[in-house]
Amino acid sequence: MSAQGGPATIVQVTGGSARRGMPGRGLWAAGAFGVRALTQAAASELREQEIHVALLIVDASIDRSGTDDLGTADPGSLADAVAYLAGQSTRAVTHELQGTPARDNWTP
Amino acid sequence: MPTALVIGARNLGFAVIERLLSDGWTVAGAARSLETLAKVRSAGAEALDVDVTDQASVLAALQHLGARHGRVDLAVNAASPYGGSRSGPFGGGPLASPATSPSRRSSLVPLAARSVFSARAPAS
């Protein structure tokens, strides 16, 4: 993407395990922390090529069956977050965006 | 028309594809399973078979879109080693569990990210 020239956006999706190691998910968190590190490095490296790199942390269970469970995140709202990241002004870009259902227990 | 590549198209990736299409984007959805690829096609996006852990595979998809549409404006990596027919405790299970081995799935995640970030199209 850097060779084509001009602005572009890369959105990397990850989960809450990128911020905290939870019981039973230590190995998964090891990978997710790593993805966060790679994304931060890429965001810095690609800035001068006008490539906006963002990490979307889906701090939630994602509803897979179209229910109205308010404790889960729906794919549509998360897709809205991706569209938002893709359309940002270069005057204020987001490198890490976390989303979580308001009704879910949340640890910062 | 801006062009997007969405890697991982089953659940979240598919919702992203639908949102981008409705915003007027040209979209390609990348996945491995035939069922997901068919779903991508019927939504109106191009379906690409991509192995997100293989840098060459990711690069080929980007180059294909670049050649077809001029440039790629957005790449979304929503690939997950979980889902579909793959099973097992989410996250690998307790570290002390005899069933837990250095999980290949966990190592897939940074590999996938690295493939997307480091894929470079050659200068034309």
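Begin by selecting T14(A), which has its place in strand β1 of chain A; the model on the screen is a predicted one. With a relative accessibility of 10%, T14(A) counts as buried, because buried residues are those under 20%. Show what surrounds T14(A), leaving aside its neighbours within four places in sequence, and A32(A), L55(A), L56(A), I57(A) and V58(A) appear as its contacts.

**Chain A as a whole**

Now select the rest of chain A, which holds two helices and three strands, and follow it along the sequence to read the pattern β-α-β-α-β. Taken along the principal axes, the C-alpha atoms of chain A fill a box of roughly 40 × 30 × 20 Å. Of its 108 residues, 44% count as buried. If you display contacts in chain A between residues at least 6 apart in sequence, 65% of those contacts join residues at least 24 apart. A surface drawn over chain A would represent an accessible area of about 5500 Å², with 49% of it belonging to carbon and sulfur atoms.

**The second largest pocket**

Stay with chain A and select A8(A), E50(A), H52(A), T90(A) and V93(A), which lie nearest the centre of the second largest pocket among the 16 residues that line it. This pocket has a volume of about 310 Å³. Strands β1 (8-15) and β2 (51-58) of chain A each supply at least two residues of its lining. Colour the lining by residue type, and seven nonpolar, six polar and three charged residues can be picked out.

One of the residues nearest the pocket centre, E50(A), is worth selecting by itself. E50(A) sits in the loop between α1 (26-45) and β2 of chain A, and its phi is near 65°, a positive value in a residue other than glycine. At 48% relative accessibility, E50(A) counts as partly exposed.

**After the last strand of chain A**

Move on to D104(A), in the segment that comes after β3 (96-99) of chain A. D104(A) counts as partly exposed, at 29% relative accessibility. Add G71(A) to the selection and draw a line from C-alpha to C-alpha: the two residues are 33 apart in sequence and 4.8 Å apart in space.

**Chain B as a whole**

Turn next to chain B, where there are four helices and four strands, and trace its elements from the N terminus as β-α-β-α-β-α-β-α. Buried residues make up 47% of the 124 residues in this chain. Among contacts in chain B between residues at least 6 apart in sequence, 48% join residues at least 24 apart. Chain B exposes about 6000 Å², and carbon and sulfur atoms supply 55% of that area.

Within chain B, pick out helix α1(B), where L12(B), G13(B), F14(B), A15(B), V16(B), I17(B) and L20(B) are buried. Just after this helix, select G24(B), which takes a positive phi of about 95°.

For a contrast in position, go to R68(B), found in helix α3 (residues 55-69) of chain B. R68(B) is exposed, with a relative accessible area of 52%. A line from its C-alpha to that of T3(B) spans 9.9 Å, although the two residues are 65 apart in sequence.

**The nonpolar cores**

In soluble globular proteins, nonpolar side chains tend to be buried together. Which residues touch the most other members of the largest nonpolar core? Select V11(A), V13(A), L56(A), V16(B), L20(B), L74(B) and V76(B), which do so within a core of 31 residues. Elements of chain A, namely β1, β2 and α2 (75-86), each supply at least two residues of this core, as do β1 (3-7), α1 (12-22), β2 (26-31), α2 (34-43) and β4 (74-77) of chain B. The largest share, six residues, comes from α2(A).

Centre the view on V76(B) to see contacts to both chains: not counting residues up to four places away in sequence, V76(B) touches V11(A), V13(A) and V82(A) as well as L5(B), V6(B), I7(B) and V16(B). Finish with a second, separate core of 28 residues, which includes I51(A), V53(A), I7(B) and L65(B).

Definitions and conventions
Residues are numbered from 1 along each chain as its sequence is written. Chains are lettered from A and ligands numbered from 1 in the order in which they are written. This is a predicted model: local features need pLDDT of at least 70, side-chain atom pairs count only at pLDDT 80 or more; totals for chains, interfaces and linings use all residues. Side-chain values use heavy atoms; hydrogens and water are left out. On a 1 Å grid over the protein atoms alone, a cavity is a set of points where a 1.4 Å probe fits but cannot get out, and a pocket is an open set with protein on both sides within 12 Å along at least five of seven lines; lining residues have an atom within 4 Å of a point. Grid points are joined across faces, edges and corners, and a volume is the space filled by probe spheres set on the points. Ala, Val, Leu, Ile, Met, Phe, Trp, Tyr, Cys and Pro count as nonpolar, Asp, Glu, Lys and Arg as charged, and the others, Gly among them, as polar. Buried means under 20% relative accessible area, exposed over 50%, partly exposed in between (1.4 Å probe, protein chains only). Contact means heavy atoms within 4.5 Å. Accessible areas come from the Shrake-Rupley method with a 1.4 Å probe; for residues, only the protein chains shown count as cover. A nonpolar core is a set of buried Ala, Val, Leu, Ile, Met, Phe, Trp, Tyr and Cys residues joined through side-chain atoms within 4.5 Å.
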